[in-house]
Amino acid sequence: MLEIKNLTKSYGDVVALDRFSLDLKKGEVLGLLGPNGAGKTTLISILAGTLRDFTGTVTFEGRNLFSDRTLKNRIGIVPQDMAFYDDLNAMDNLLFWGGLYDVPRADLKRRAVEILDLVELAGRAKEPVKNFSGGMKRRLNTAIGLLHKPDLLLLDEPTVGIDVQAKVSILDIIRNVGAAGTAVIFTTHQLAEVETTCSRIAIMDHGRILAQGTFDELIRIVGERDIVEIAGDFAAGAFSEALRDMAGADVELLSVADNLASLAVSDSGRIPRVMDRLFQNKLAVTDLKIQTPGLETVFLKLTGRSLRD
Amino acid sequence: MRRIQRILHVAGNDLRLMVGDKVFFFWTLAFPILFIFLFGLLYKAGDNAPAVAEMTVVNLDQGRWGSYFIKKIEAPGIAVTVTDKEPAEYVRMIILPADFSAQIEARRGQALAFKKRSGASTSAAARVETRLYQAIARTISELVLYGPGDLTKFLDGHPAFRELVVVKGEFPPKTVTVVPSGFDHVIPGTTIQFIMMMVLIYGGIGVMEDRKKGILGRLLFSPLSTGELFQAKLLGRWGLGLLQALMLFTVGKIFFRLNLGSVPLALLVIAVFSLAMAALSVFIGSLCTKEDVIVGLSVLLANIFAALGGCWWPNEIVPQAVRVVARISPAYWAMDALHKLTFFQGKFADIALPVGVLAALAAVLTAVAGRSFRIRD
Ligand SMILES: Nc1ncnc2c1ncn2[C@@H]1O[C@H](COP(=O)(O)OP(=O)(O)O)[C@@H](O)[C@H]1O
Ligand SMILES: [Mg+2]
């Protein structure tokens, strides 16, 4: 349904998207996972048609996405900002935003009622939006993108800055929309969300996709290994030096920073030997965590840095 | 068709948001009406060329020529009041001294005191002065022709000699004889000022806030194009200007017997003027990123333009040099056109120049606003 090929966009010297390519099928829910500055918003803005001066191609059902403005009737976009009118109530906001699309007036009203119900705002439809909590505003922000029944839904960090309950409800909405046949791309820098919501996950950084697949496929990148996170009082250089001759297939240094390092070990019997070596080199260790690999590890391996950085 | 619907949809929503503001009617209705009251009292309607010009003659003359002279002054359109004491209040007054007749009979020259109250109508004064000169000239010429006999009787027998001397009064070119005043000046003046202030403030802030919140960007997610969005922004602000004028004109018609000359032509002036201000507001909103700056700039511009442009006091009374500088104010052209309609019986041809200037200004400002219009900071 959507094909993105070699999309490249620079802001001066900063390359925000670097030959970015992606395919999306009908009904697929793709989680685009990347840290701040990875280029997620840039991608969404280009697809939304509000950012120009890029190279590469985007086709929607075989047609150039930017050739025909009526194609926009089939795409719903939920921006990162809460971009709606605080002085209007939820219903009036929906009627206004929906009115921009080629939806018959009568359908629009009915659809707005349905959507308010879907995002659990039906009881507050007539209240000025400025009285809403952060979570309610997020739900309205999402609702506006859904009103005209798009075939492709793009959401930019739809769960930022809200409580857990609101987050769960927005992820539910996304899942339901996908189940109803709409193709969805949503960006996030939160791992737990993509694990539970997406049929496919793409990890991106520095403007390109580093890996993509189902959750299980991605986990296989790090293999069946234990992940050891070591915190202490040491310099990155000294840490790497201490473990230099141990590093290999059995012990892999995933990331090393001052006072914090991550390793992948294929055999947990190796851990005491790693610790011995650190003590011999007089490196102070204050904390040790052993985990089974998750997306966090995959991300660490692919980018050399933690998503939380 | 859908294109026009989309533009109207966005413009209508903008207008609704502006009108829905809590303090909208305070600023667009209560406050300007207060202005109209205050300035209306300050510049209460002057007696522009009253139907009857008043003239008081203090006749102290001991002889017969005083009353003969007074007969010569009397004319339709001039109400002559004769007294033998100088009154405390008068509009204009001439004093015939005790030796008025004695001096005439002695064939000696004499000076008569003619006094005007300040603020008396200029053109009524002109009418009276003309009549005075005529009376003096006739009395002298009749004395020369017929001697000291009873001239009254002689003229009865020879009516052809009555209109012996005709004096014609004429103002030098560019003399201001009609000074726009009263509510007919104050209401259009206040309207023009508040169109500037309201359109610039509400219009500018709206553009700036919508851009900052990402609303302009989101509007473009829909089939709406950037050009359509810009047109919608202009249209909404233009509507606000028209609404402001309609409110104050309606209040003026109902409560102050506002006379606009020609209502359709007055609305044409307002429409073109509002369009220029709508474009300026989009430009200011695109340029500025802070609400305080927009409010400050708008209030400053609106008041400077209003003062210079003749919204507060009529431009017809300011020195010529100031009138020339005033042309940089868009309000000058609007007030010029509105005054021509109300006070000078202007037709379309009379306001073609100021309306043309405003239309050109609107076109230039629209082009400038279009170039600076942006959807994100
Ligand atoms: N308007 C802009 N001007 C200059 N640089 C920008 C602009 N927008 C984004 N960038 C840069 O482009 C990169 C990608 O940004 P963005 O797409 O916002 O990332 P994300 O949404 O993943 O956090 C970042 O390095 C960011 O600093
Ligand atoms: Mg972003």
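This short talk walks through chain A, its magnesium site, one of its helices, its interface with chain B, and one histidine of chain B.

Before the details, please keep in mind that this is a predicted model, in which local features need pLDDT of at least 70, side-chain atom pairs count only at pLDDT 80 or more, and totals for chains, interfaces and linings use all residues. Residues are numbered from 1 along each chain as its sequence is written, chains are lettered from A and ligands numbered from 1 in the order in which they are written, and side-chain values use heavy atoms, with hydrogens and water left out.

Let me begin with chain A as a whole. Chain A has 10 helices and 14 strands, where helices (H or I, at least four residues) and strands (E, at least two) are DSSP runs, numbered from the N terminus. Its C-alpha trace spans about 75 × 40 × 35 Å along the principal axes. Of the 309 residues of chain A, 52% count as buried, a word that means under 20% relative accessible area, while exposed means over 50% and partly exposed lies in between (1.4 Å probe, protein chains only).

Now to the metal. Which residues are the protein donors of the magnesium ion, ligand 2? They are A:T41, through OG1, and A:Q80, through OE1, lying 2.0 to 2.5 Å from the ion. Because A:T41 lies in helix α1 (residues 40–48) and A:Q80 in the loop between β6 (75–78) and α2 (90–98), the pair ties together parts of chain A that are 39 residues apart in sequence. Donors here are N, O and S atoms within 2.8 Å of the metal (3.2 Å for Na, K and Ca), and since water is not among the atoms, sites may look incomplete. At 35% relative accessibility A:T41 counts as partly exposed, and A:Q80, at 30%, counts as partly exposed too.

Next comes helix α4 of chain A, residues 134–146. At 1.5 Å a residue (times one less than the number of residues), its 13 residues should span 18 Å, and the end C-alpha atoms are 19 Å apart, which agrees. This helix is mostly covered, with 12 of its 13 residues buried, among them A:M136, A:L140 and A:I144. The buried residues of α4 pack against β6, α2, α3 (105–118), β7 (152–156) and α5 (164–179) of chain A, together with α8 (215–219) of chain B.

That brings us to the interface, where 29 residues of chain A are in contact (heavy atoms within 4.5 Å) with 25 residues of chain B. The area buried between the two chains is about 2400 Å², of which carbon and sulfur atoms give 56%; buried area is the accessible area (1.4 Å probe) that two parts lose on being put together, summed over both. There are four salt bridges between the chains, each a side-chain nitrogen of Lys or Arg within 4 Å of a carboxyl oxygen of Asp or Glu. In one salt bridge, the side chains of A:D102 and B:R2 meet at 2.8 Å, N to O.

Finally, let us look at B:H185, in helix α7 (residues 183–212) of chain B. Is B:H185 buried or exposed? At 0% relative accessibility, B:H185 counts as buried. Leaving aside residues up to four places away in sequence, B:H185 touches several others, including B:W312, B:W313 and B:F343.
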